[in-house]
Amino acid sequence: MKILTFVGKTPSDALKKAKMSPNYSQMLHIDTKEIQKKSLGRDALYEIIMGIEDEPEQTYQKNSSTIKDGRPLTQKSADVLYDISYAAKQISKIAEVKDPLYAYQEQNTQSVLEPKELKEIKSEIAKLGDKVKIIQNMFWEEKSPDLDSHIPSEFAEIYRLASQSGMNKEHLDSIMRMTLEHMPFKMRENSSTIKRYFQTILRKMVPVRIEALPSIGNKKVIMLVGPTGVGKTTSVAKLAARYSFLTQKKYKVGLIVLDTYRIGAVEQLMQYARMMKLAIETVVDPSDFASALDSLKYCDYILIDTMGSSPYDRNKIEKIYECLDGNDTKYNIEVVLVMPSSIKYEDLKATYENFSSLNIDTLMFTKLDETKGFGNIFSLAYETKKPISYFSVGQEVPEDLVCATSDFLVECLLNGFNRSKA
């Protein structure tokens with residue numbers, strides 16, 4: 001199959017270019033993806049991937065080919081060999097061995113189609129692959145968790161993945177009990193089915209806050225709080241750029257800086273404000289906070305960067321509380337607790353508890369590109385019932401900020417972080 005690509009500023013633009021090709025009627029649509037995100041001074045780019053089938057004789061000569069020992073390989077035989085070798089590859093991956101038969105077939109039968117009559121054979125071989133996984137966990141009985149209900153060995157892999165992700169053990173055991181209680185027995189025959197069912201349960205347990213844009217006549221005031229070094233200032237800049245340039249409507253955004261303890265943080269945010277042509281106010285004393293809000297009353301969004309502090313530094317947290325407490329009821333301030341995803345669950349929980357006096361509304365997690373475990377994020381959201389609003393997945397402004405979804409978090413938890421899915 002020949003692969004052709006067409007690029008445009010929108011998916012429809014790329015599709016128009018594809019339609020201009022004389023071979024468009026023979027093309028098969030394979031994928032549409034965004035290859036360049038929209039940013040300051042740069043348009044988004046989308047790519048459509050199309051395929052054109054090669055002529056049958058290009059794949060097979062007279063409907064046959066030859067294997068290494070010189071014997072003829074018919075179309076049907078090649079199909080059978082491909083199907084068996086594909087399953088052998090899956091089993092070899094599990095057992096961490098390589099099969100030379102598959103190495104040959106991977107080069108010579110890539111475009112062979114799977115006939116319907118071999119589905120049952122493939123299903124049986126897939127079950128054999130599951131049995132290999134069970135053999136890998138042959139000592140599961142000795143190391144399985146001490147629960148009221150027995151956990152079957154076919155659940156060993158999913159339990160191991162969730163446990164290694166940093167999820168709190170009590171939460172994991174509770175979810176496993178729920179899975180065993182509600183999952184139909186017929187679905188337990190296949191490890192991939194077990195994993196999908198487990199993912200579905202996890203997604204329903206992750207509270208997220210859907211991004212709500214300001215209504216006419218109202219403004220949104222968002223204050224970011226959290227420990228030192230978690231990326232609050234960079235996150236404020238990402239949000240400012242998002243609301244100013246990346247949403248369907250270009251909103252007026254104003255910034256307030258409470259972080260006068262770190263001169264570098266003030267200068268950094270002022271530099272961002274100059275680049276994006278945004279108004280910015282600095283507050284030294286809590287009594288000046290209300291007047292700073294009033295000076296930005298023409299803005300649709302007011303974003304507030306606060307001083308970073310240790311979760312155990314009561315004095316700095318109290319300063320932030322004084323600003324909130326001194327605000328009259330004219331402005332409803334949404335307090336977002338920003339935390340790094342790279343610390344263990346116990347530290348996340350301690351941070352949340354010490355900042356909880358500020359009446360936290362939502363959670364934001366940063367540095368997702370710097371960790372391999374995401375169960376700690378799940379456990380904190382599950383324990384506190386506080387919704388997650390955003391994920392920061394890198395240092396780029398504004399590209400590396402994504403609206404939180406339960407699908408994205410659960411995918412990271414079980415399969416690892418993938419920037420292309422952010």
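**Note on aromatic pairs and nonpolar cores**

1. At 23% relative accessibility, F417 counts as partly exposed, because the buried class ends under 20% and the exposed class begins over 50%. The structure discussed here is a predicted model. F417 is located in the segment that follows helix 16 (406-415).

2. The surroundings of F417 may be described next. Setting aside neighbours within four places in sequence, F417 is in contact with L368, D369, F374, V393, F408 and C412. The C-alpha atoms of F417 and K372 are 7.0 Å apart, although the two positions lie 45 residues apart along the chain.

3. The count of aromatic pairs in the model comes to five. One of them joins Y251 and Y301, with 5.5 Å from centre to centre and 85° between the planes, an edge-to-face arrangement. This pair links distant parts of the chain, its two residues being 50 residues apart. Y251 belongs to the loop between helix 10 (232-246) and strand 7 (253-257), whereas Y301 belongs to strand 9 (residues 301-305). Both tyrosines, Y251 and Y301, are buried.

4. F408 and F417 also form an aromatic pair, with ring centres 6.5 Å apart. Their planes stand at 90°, so the pair is edge-to-face, since planes over 60 degrees apart are placed in that class. F408 has a relative accessible area of 9% and is therefore buried, whereas its partner F417 is partly exposed at 23%.

5. Two further points concern tyrosine rings. Y243, Y251 and Y301 make up one aromatic cluster. Elsewhere, K385 lies over the face of Y382, at 4.2 Å from the ring centre.

6. Which residues have the most contacts inside the largest nonpolar core? They are I256, F289, F365, F378 and F391, in a core of 67 residues. When neighbours within four places in sequence are left aside, the contacts of I256 are E281, V283, F289, A292, L293, L296, I302, L303, I304 and D305. Apart from the largest core lies another, of 26 residues, which includes I222, L269, L278 and L303.

Terms used:
Residues numbered from 1 in each chain as written. Predicted model: local features only at pLDDT ≥ 70, side-chain atom pairs only at ≥ 80, totals over all residues. Heavy atoms only, no water. Phe/Tyr/Trp six-rings, centres within 6.5 Å; stacked < 30°, edge-to-face > 60°. Helix = DSSP H or I, 4+ residues; strand = E, 2+ residues; numbered from the N terminus. Buried < 20%, exposed > 50% of the residue type's maximum accessible area, 1.4 Å probe, protein only. Lys NZ or Arg CZ within 6 Å of the ring centre and 35° of its normal. Core = buried A, V, L, I, M, F, W, Y, C linked by side-chain atoms within 4.5 Å. Contact = heavy atoms within 4.5 Å.
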